[in-house]
Amino acid sequence: MERADKDLAFLLQYENVAWYEDGKVRILDRRIYPAKVEFVTCTSHTEVAQAITDMVTQSAGPYTAVPMGMALAAFECRGKSAAEQMEHLRRAAYTISHARPTTVKRMSQLTDVCLEVAERALAEGKNAAEEIKAHTIEMNNIRYSRMAAIGRYLVDMFPENGTVMTHCFAETIVGTMLRECRNRGRHIRLFCPETRPYFQGARLTASVCHDMGFDVTVISDNMPAFVMQREKVDVFTTAADAICCDGHVVNKVGTFQNAIVAKYMGIPYFVTGAPDQGHPTVDTVHIELRDPDFTLQAMGVRTAMEGVKGYYPAFDITPPALVSGVVTDLGIYSPYDLKRYFTDGNIGKDNLVV
């Protein structure tokens, strides 16, 4: 079986996202990449959950870390009765899926699938941990293949020799859209806002673009309007942590303001991913507020005087009026017509694409 991460950047290879082996889960520490290439080794499912909470991996990284964590949970309870193992796995599923509040619904989809795989494995006398790991690789192949389809639709929106601006780290879509550009011989250049306070744009998106041989420039988060205007940006694009069925887009904080600027300047904003049935309206979204002190530093160096307060919403919400189209594996939809995505071809429990 050919893996769908073929020809993608180092950061997007399955083993370099999260990997279960011999009773441990190894997760690439994206908080320090690319300055250092180090892995956090988790020896329990609670450590995997903590790693997700602590942003060791983010964007679509948890889509691999979560099921690999469930494989580790299955290893932890090996040797117990089938009933005891399933009870342990259900508790682990809750812990892992609730590692970050904004993505509970998506993570629960993954843990639910892992529970089904484990129950079937135990009934057949198979190794539940290895079965969950194998299914995780299969899910990754499905997800990456869907992202390749999304990449093809998105690249259709890029002019030859066009200029594209991203925001945060769109994970698999960055790699697949660039692979599609390379396959078509289409040349683009990219601008990546740094995305404070974790600098995912500077460290992750720009690294993938550079790894794959594309012209990429990092800018600070207060430069997008100037750069859109001066450098004649053709397309603004992001992934999303959630796309509500009413067309609201939940993504890394800063997306909303960049979408406003893009709209003002007549630049289309395309969000990539599948609408979330778990979020029929924006009212169902919980915006995660993280440690405010983290905004008072940059990569470990304090930037504000002691006593100054910080504020750190992890995400913001972009209304559908600012979204030119939602690029899915089935095509590009109006943000006002997302329910049609499910009638065109509901992809069910594997509705996880970033």
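In what order do the 3 strands of the open sheet lie, and is their pairing parallel or antiparallel? Here are some notes that start there; please keep in mind that this is a predicted model.

1. **The sheet.** The order is E1-E2-E3, and the pairing in this open sheet of 3 strands is antiparallel. At the edges you will find strand E1 (18–21) and strand E3 (39–42), each of which pairs on one side only. From one strand to the next, the twist averages 20 degrees.

2. **How E1 meets E2.** If you would like to trace the pairing by eye, begin with strand E2 (residues 24–28), which is joined to E1 by 4 bridges, the two running antiparallel. One pair to look for is Tyr20 and its bridge partner in E2, Val25.

3. **The helices on the sheet.** Helix H1 (residues 45–53) packs on the sheet and touches E2 and E3. The direction of H1 makes about 145 degrees with that of E3. Helix H2 (residues 61–76) packs on the sheet too, touching E1, E2 and E3. For H2, the direction makes about 15 degrees with that of E1.

4. **Cysteines.** How many disulfides does a search of the whole structure find? The count is 0. Take Cys114, which is in no disulfide: the nearest cysteine sulfur belongs to Cys77 and lies 13 Å away. Cys114 also counts as buried, at 2% relative accessibility.

5. **A second cysteine to look at.** Why does Cys209 form no bond with Cys192, the residue holding the closest cysteine sulfur? The two sulfurs are 4.7 Å apart, which is too far for a bond, because a disulfide here needs the pair of sulfur atoms to be within 2.5 Å. Cys209 is buried as well, with a relative accessible area of 0%.

6. **Gly247.** Further along the chain, Gly247 sits in the loop between strand E8 (242–243) and strand E9 (249–252). Is this glycine buried or exposed? Gly247 counts as buried, because its relative accessibility is 1% and the cut-off for buried is under 20%.

7. **Around Gly247.** Leaving aside residues up to four places away in sequence, Gly247 touches Thr318, Pro319, Pro320, Val323, Pro335 and Leu338. You may also like to look at Thr281, 34 residues from Gly247 along the chain: the C-alpha atoms of these two residues are separated by 8.1 Å.

Conventions: Residues are numbered from 1 along each chain as its sequence is written. This is a predicted model: local features need pLDDT of at least 70, side-chain atom pairs count only at pLDDT 80 or more; totals for chains, interfaces and linings use all residues. Side-chain values use heavy atoms; hydrogens and water are left out. Two strands pair if DSSP finds at least two bridges between them. Axes are lines fitted to C-alpha atoms, for helices over the stretch in contact, and angles run from 0 to 180 degrees between N-to-C directions. Contact means heavy atoms within 4.5 Å. Buried means under 20% relative accessible area, exposed over 50%, partly exposed in between (1.4 Å probe, protein chains only).
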